[in-house]
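Here are my notes after going through the model. Have it open beside you as you read, and tell me where you would put the emphasis differently.

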Amino acid sequence: MNHTLLLFFSYLFTQSLFASGHNHTDHNINKNFGDYVYITTGNDMAQFSLEKHNKINDLELLESGSEISIMRVPAQFVNEAGHIAHESFNRCGGFMLHKSLKDAQVELESGASRSFAKNMVFDDYQINQEKTVTAMISLVNEENIIETIKKLSSYRNRYYQSKTGVKSQNWLFDTWKDLGKSRSDFSVKKWQHADWKQDSIVATLKGKTDDIIVIGGHADSVAGWLGRKIAKAPGADDNASGIATTTEIMRIIIESGYQPEKTLMFMAYAAEEVGLLGSREIAKEFKKTEKNVVGVLQLDMTNFNGSDLDIVLMKDFTNNGQNEFIGKIVDKYLPGVSWGYGRCGYACSDHASWNSQGFPASMPFEARKFEANSRIHTSRDTISRSGNSAEHAQKFAKMGVAFVIELDF
Ligand code: BES
Ligand code: ZN
């Protein structure tokens with residue numbers, strides 16, 4: 001648990017002790033922080049708090065950068081800030097708690113949205129949808145995942161500039177469309193990219209609010225260096241597995257008749273293998289149009305069981321709070337499935353595109369990086385490498401369903 005989160009939760013703990021009627025002075029309540037604390041938060045949330053929540057004039061805006069501001073607030077305000085963030089802002093309403101002004105200033109200066117995306121805290125990482133989740137994860141069907149992996153890897157390649165890379169995305173579009181055809185709150189579109197032929201596919205299950213949860217992975221594949229347009233690149237693990245996992249999560253949510261609070265978006269990105277191009281365009285557009293993306297789950301390589309850990313949460317380019325939330329979900333809903341943390345060491349997949357735009361993202365991965373499937377990016381990345389099964393990927397489908405439902409509510 002990182003330091004900021006630790007402070008935050010220890011604060012909530014002391015807060016709840018006192019809320020239950022113990023007789024302490026204000027000074028004691030805030031023994032961890034003093035009476036006032038420093039938070040960094042999005043400029044818009046800072047402004048909003050000053051205008052709407054400053055009844056006794058005790059919130060103070062100290063400094064503002066291009067995206068985030070430092071505020072000095074009463075320690076009691078932190079709880080309320082969680083609610084304001086939740087109700088009015090979501091993504092932009094995340095905030096970080098600092099033990100000193102100096103710490104807050106360090107954050108403001110390093111103040112990249114990247115670091116903000118990594119550390120901000122939301123108040124909706126609660127796990128309380130046991131009934132719905134348990135029922136839904138029992139619907140995960142390994143055969144469906146196998147079938148999708150086989151179909152996608154039957155294209156010679158899914159390169160972003162090849163004919164078969166266009167065709168495979170058209171197949172996915174038709175398949176996703178068909179999965180949701182009975183629901184009027186479901187739609188699928190081809191997201192066209194100006195600079196290359198392969199589309200990204202984006203499916204939407206409309207919720208009651210405009211908050212957005214994104215689940216997805218890259219659909220393209222690649223092998224070799226010369227003649228990539230015609231090279232054989234089945235990409236069964238990298239990343240037919242992630243798309244198949246995403247598709248199974250989507251199928252269950254749709255077919256169960258679940259009506260989400262938040263809007264769920266399922267994405268199959270084009271052109272990841274050539275530099276995260278598809279997801280970068282989409283994440284940038286979402287930022288530009290001020291979409292409230294409250295969580296992103298990136299599924300890239302889910303079907304090769306190479307480590308003693310089943311699920312490895314990549315720590316870099318991801319959100320600490322959301323990662324912990326996923327860990328807790330695995331502990332609660334996937335008995336016998338182990339998880340831990342790892343690192344890619346660089347911006348290895350589409351989660352980094354979202355993270356760079358300031359959105360909280362996670363990347364649960366099939367193994368530790370050095371124990372991952374070594375046949376990726378070759379003609380031998382086939383499902384036979386995973387024993388022609390989707391035993392490993394089905395854990396990720398269950399985790400994904402639970403993640404969506406718990407974050408949704
Ligand atoms: N799925 C891989 C990333 C990966 C591979 C993560 C092995 C962990 C272990 C992804 O599709 C990929 O190949 N990414 C590129 C970088 C990207 C920016 C082109 C990579 O890792 O070289
Ligand atoms: Zn990949």
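1. Which residue in S8 does Gly216 stand opposite? Gly216 faces Met267 there. One position back on each strand, Ile215 stands opposite Phe266 in S8. These are parts of a longer match, since S7 and S8 pair in the parallel sense over seven bridges. Keep in mind throughout that this is a predicted model.

2. Some context on the chain. The protein chain has 14 helices and 13 strands, and 58% of its 409 residues count as buried. Taking contacts between residues at least 6 apart in sequence, 81% join residues at least 24 apart.

3. Back to the sheet that holds S7 and S8. It is an open sheet of six strands, ordered S5-S6-S8-S7-S9-S12, and the pairing is mixed. Strand S5 (186–191) and strand S12 (361–362) are the edge strands, each with a single partner, so one side of each has no neighbour in the sheet. On the other flank of S8, strand S6 (residues 200–205) pairs with S8 in the antiparallel sense over five bridges; within that pairing, Ile201 has Ala268 as its bridge partner.

4. S8 itself deserves a look. All seven of the seven residues in strand S8 (residues 263–269) are buried. Both faces are covered: Thr263, Met265, Met267 and Tyr269 lie on one side, with Leu264, Phe266 and Ala268 on the other. The connection to S7 is also worth tracing, as S7, helix H10 (residues 236–255) and S8 form a right-handed β-α-β unit.

5. Now the packing. The largest nonpolar core has 58 residues, and the members that touch the most others are Trp176, Ile253, Phe266, Met399 and Phe403. Helix H14 (residues 391–408) supplies the largest share of this core, 10 residues. Apart from that core lies another one of 15 residues, including Val214, Met265, Val296 and Phe359. So where does S8 stand in this? Phe266 is one of the well-connected members of the largest core, whereas Met265 belongs to the other core, and the two residues sit on opposite faces of the strand.

6. Trp176 would be my pick for a close-up. Leaving out residues up to four places away in sequence, Trp176 touches Phe186, Val188, Ile201, Ala203, Thr246, Thr247, Met250, Phe266, Met267 and Ala268. Two of the names in that list, Ile201 and Ala268, are bridge partners.

7. Next, the metal. Which residues coordinate the zinc ion (ligand 2)? The donors include His218 (NE2), Asp238 (OD) and Asp300 (OD), with Asp300 contributing two entries, and the distances run from 1.9 to 2.5 Å. Along the chain, the donors follow the spacing H-x19-D-x61-D. His218, in strand S7 (residues 212–218), and Asp300, in the loop between strand S9 (293–298) and strand S10 (311–314), are 82 residues apart, and the pair links distant parts of the chain. Both are covered: His218 counts as buried because its relative accessibility is 0%, and Asp300 is buried at 4%.

8. The geometry at this site is irregular, because the six donor atoms around the zinc ion (ligand 2) subtend angles of 53 to 163 degrees. For reference, ideal angles for six octahedral donors are 90 or 180 degrees.

9. There is also an open sheet of three strands, in the order S11-S10-S13, again with mixed pairing. Strand S11 (339–342) and strand S13 (364–365) stand at its edges with a single partner strand each, so one side of each lacks a neighbour in the sheet. S10 and S11 run parallel and are joined by four bridges, with Ile311 bridging to Trp339 in S11.

10. Finally, two loop residues to compare. Is Gln198, in the loop between S5 and S6, buried or exposed? Gln198 is buried, with a relative accessible area of 0%, and its contacts include Arg158, Tyr159, His193, Asp220 and Ala271. Ser379, in the loop between S13 and H14, is partly exposed at 37%. Beyond its sequence neighbours up to four places away, Ser379 touches Ala223, Lys232 and Pro234. Ala223 is 156 residues from Ser379 along the chain, yet their C-alpha atoms are separated by 6.7 Å.

How values were computed:
Residues numbered from 1 in each chain as written. Chains lettered and ligands numbered in written order. Predicted model: local features only at pLDDT ≥ 70, side-chain atom pairs only at ≥ 80, totals over all residues. Heavy atoms only, no water. Donors = N, O, S within 2.8 Å, 3.2 Å for Na, K, Ca; no water. Tetrahedral: all angles 85-135°; square planar, octahedral: opposite > 155°, others 65-115°. Buried < 20%, exposed > 50% of the residue type's maximum accessible area, 1.4 Å probe, protein only. Pairing = 2+ DSSP bridges. Right-handed = clockwise from strand over helix to strand, strands pointing away. Core = buried A, V, L, I, M, F, W, Y, C linked by side-chain atoms within 4.5 Å. Contact = heavy atoms within 4.5 Å.
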